[in-house]
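The following exercises concern helix packing, burial and backbone geometry. Each task is followed by a solution in steps.

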Amino acid sequence: MAAFASPSTRLSNLSLKKTPSPLSWKRPLSPAFGLSSFPHCRRSAPLLVVMSMDAKPTVLVAEKLGEAGLNLLKEFANVDCSYNLSSEELCTKISLCDALIVRSGTKVSREVFESSGGRLKVVGRAGVGIDNVDLAAATEHGCLVVNAPTANTVAAAEHGIALLTAMARNIAQADASVKAGKWQRSKYVGVSLVGKTLAVMGFGKVGTEVARRAKGLGMHVIAHDPYAPADRARAIGVELVTFDEALATADFISLHMPLTPTTSKILNDENFIKMKKGVRIVNVARGGVIDEEALRKALDAGIVAQAALDVFTVEPPPKDNKLVQHENVTVTPHLGASTMEAQEGVAIEIAEAVVGALKGELAATAVNAPMVPAEVLVELKPYVVLAEKLGRLAVQLVAGGSGVKSIKVTYASARAPDDLDTRLLRAMITKGLIEPISSVFINLVNADFTAKQRGVRISEERIILDGSPENPLESIQVQIANVESRFASAISESGEIKVEGRVKDGVPHLTKVGSFEVDVTLEGSIILCRQVDQPGMIGKVGSILGEENVNVSFMSVGRTAPRKQAIMAIGVDDQPSKESLKRIGEIPAVEEFVFLKL
């Protein structure tokens, strides 16, 4: 049985590296916008309204914005700069405003959108994160939300390098010592960076810039990002490695991954044990990617020699936070984007996005879904869910070193092409492929842009069926070409990973995996097993899951012929333990299996 290892979790484009996973296993083969992004709309008005030429819109700037951005806004709109507003004051003011610009300190709640009376058209977040904006309420009230994701890239990378060098030479501790009247040269002997290995965890924009700068310092740079393009890494002399390889070989680790359910506390007790003794860690990404208590224990045990942190799980951290007070930890108060140049860049980027949206343009930095007419959404609702889950399913089946570059989507329908707009469905497939393991929010506005940015080509084909066009679609099929699969049976006769689904009685179903017919609802999570078709298999697997109190919601078996090969699809409400999955893999008749989260 293959050893269990931590799954890879970061996406910057769709190119994969081989990474062991605890959730799949195979024997040698014998020859042979969640829907929450599209809430039910109260009205079918268009999302963006073009302002009339005889009246300037009003933009409320609720937190400090760079002068260059303010000047851009003033050329197009009346600008009201009102800072430090209470929630009540913001709700009172907002009914007089067409756009609102905030940073991270202002909470744009459902009450704000309700108080706007429908006038608020755009919310601009001057920065990347949008945790302080109620996206569902924004969409429901026909308000576009845009952010400024690129302007602070260099600033964040520079701050990462600053923390790296300051940590290596004990700058902060030595400074405090001298100011306390001490002169302790021998206590603060540092380490050199030249020739040391830096593991960049997350090879997106910021991670790439950190790697460039570290190479200039004479460091050997490796990177882990299961979806990073190998050609971009090679171009700057960076080697892409697996998650475990990065942990085991790095002298320094610099974190640049988004905070998602799969990256939350990814540096934990289990993974600190895998690191080289004396490793040094820098985090200018998101506080939640580190289990802070586990890091403190690793520091005390000497596994981690030093850490430099700009971000924390709770900000600001409590005054008695033991990690912040640790002698071997250097801390800064979330200063990654805090340079004059970055602040001006963010101001310009968000001002341009807000002005463009007020003019009726669709921004590539939109982070919520545009309004969809209620009657269209009601009809497409189950197909939207089906499309996203097929995308999630397909990408989890991918393994190996070649990148995901070519995706084919086939729609089977009795409707004429003009009667079926597939843009929303294509967007949701893209959402399923990319969003679960990235910080990008996919919707109808930015889906094609995001796919193109990552070098992913999505082609569409329609099969026109005979019969009644009462239902918009008979089935949706997703194929990924030129990749290896974690589950060999998902490969079709033509060599692509293939999954197919349809809607039955309003519920999305998975109906085909590779060449095998199945019939399971796309709810919860799924275990796929390829097995020898023989009596008792359902009972054996069910017993293992039952012993762990894992509820089985459904089972379906598709086979090539009696007593030959079969695919068993098992729906579960909870994630089984590694031990239970291992026991399933050890059943003699099971040839391979994979666990998939939906």
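Helices (H or I, at least four residues) and strands (E, at least two) are DSSP runs, numbered from the N terminus. The model is predicted: local features need pLDDT of at least 70, side-chain atom pairs count only at pLDDT 80 or more, and totals for chains, interfaces and linings use all residues. Residues are numbered from 1 along each chain as its sequence is written, and side-chain values use heavy atoms, with hydrogens and water left out.

**Exercise 1. Positive phi outside glycine**

Locate asparagine 84 and state whether it is buried or exposed.

Solution. Most residues other than glycine have a negative phi, and most peptide bonds are trans. Asparagine 84 has a positive phi of about 60 degrees although it is not a glycine. Its place is the loop between β3 (78–81) and α2 (87–93). Buried means under 20% relative accessible area, exposed over 50%, and partly exposed in between (1.4 Å probe, protein chains only). Asparagine 84 has a relative accessibility of 74% and therefore counts as exposed.

Carry out the same steps for lysine 265.

Solution. Lysine 265, a residue other than glycine, has a positive phi near 55 degrees. This lysine 265 is found in the loop between β10 (252–255) and α10 (269–272). With a relative accessible area of 45%, lysine 265 is partly exposed.

**Exercise 2. A cis peptide bond**

Which residues does the cis peptide bond join, and in which loop does the proline lie?

Solution. Glutamate 315 and proline 316 are joined by a cis peptide bond, with omega about -10 degrees. Proline 316 is in the loop between β12 (304–309) and α12 (322–325).

**Exercise 3. Helix α13**

Compare the expected span of α13 with the distance between its end C-alpha atoms.

Solution. The expected span of a helix is 1.5 Å times one less than its number of residues. Helix α13 (residues 340–358) has 19 residues and should therefore span 27 Å; its end C-alpha atoms are 27 Å apart, which agrees. Among the buried residues of α13 are Ala342, Val346, Ile350, Val354 and Leu358. The buried residues of α13 pack against several elements, including β2 (58–61), α1 (67–76), β4 (99–102) and α5 (153–168), where contact means heavy atoms within 4.5 Å. Just after α13, glycine 360 takes a positive phi of about 95 degrees.

**Exercise 4. Two helix pairs**

Describe the packing of α5 with α7, then that of α17 with α18.

Solution. Two packed helices are described by the angle between their axes and the distance between the axes. Axes are lines fitted to C-alpha atoms, for helices over the stretch in contact, and angles run from 0 to 180 degrees between N-to-C directions.

1. α5 and helix α7 (residues 205–216) pack at about 50 degrees, with their axes 8 Å apart.
2. Angles under 35 degrees count as roughly parallel, over 145 as roughly antiparallel, 65 to 115 as roughly perpendicular and the rest as oblique; α5 and α7 are therefore oblique to each other.
3. The axes of helix α17 (residues 537–547) and helix α18 (residues 578–585) come within 10 Å and cross at roughly 165 degrees.
4. α17 and α18 are therefore roughly antiparallel to each other.
5. The contact is made by Val541, Ile544, Leu545 and Glu547 of α17 with Ser580, Arg583 and Ile584 of α18.
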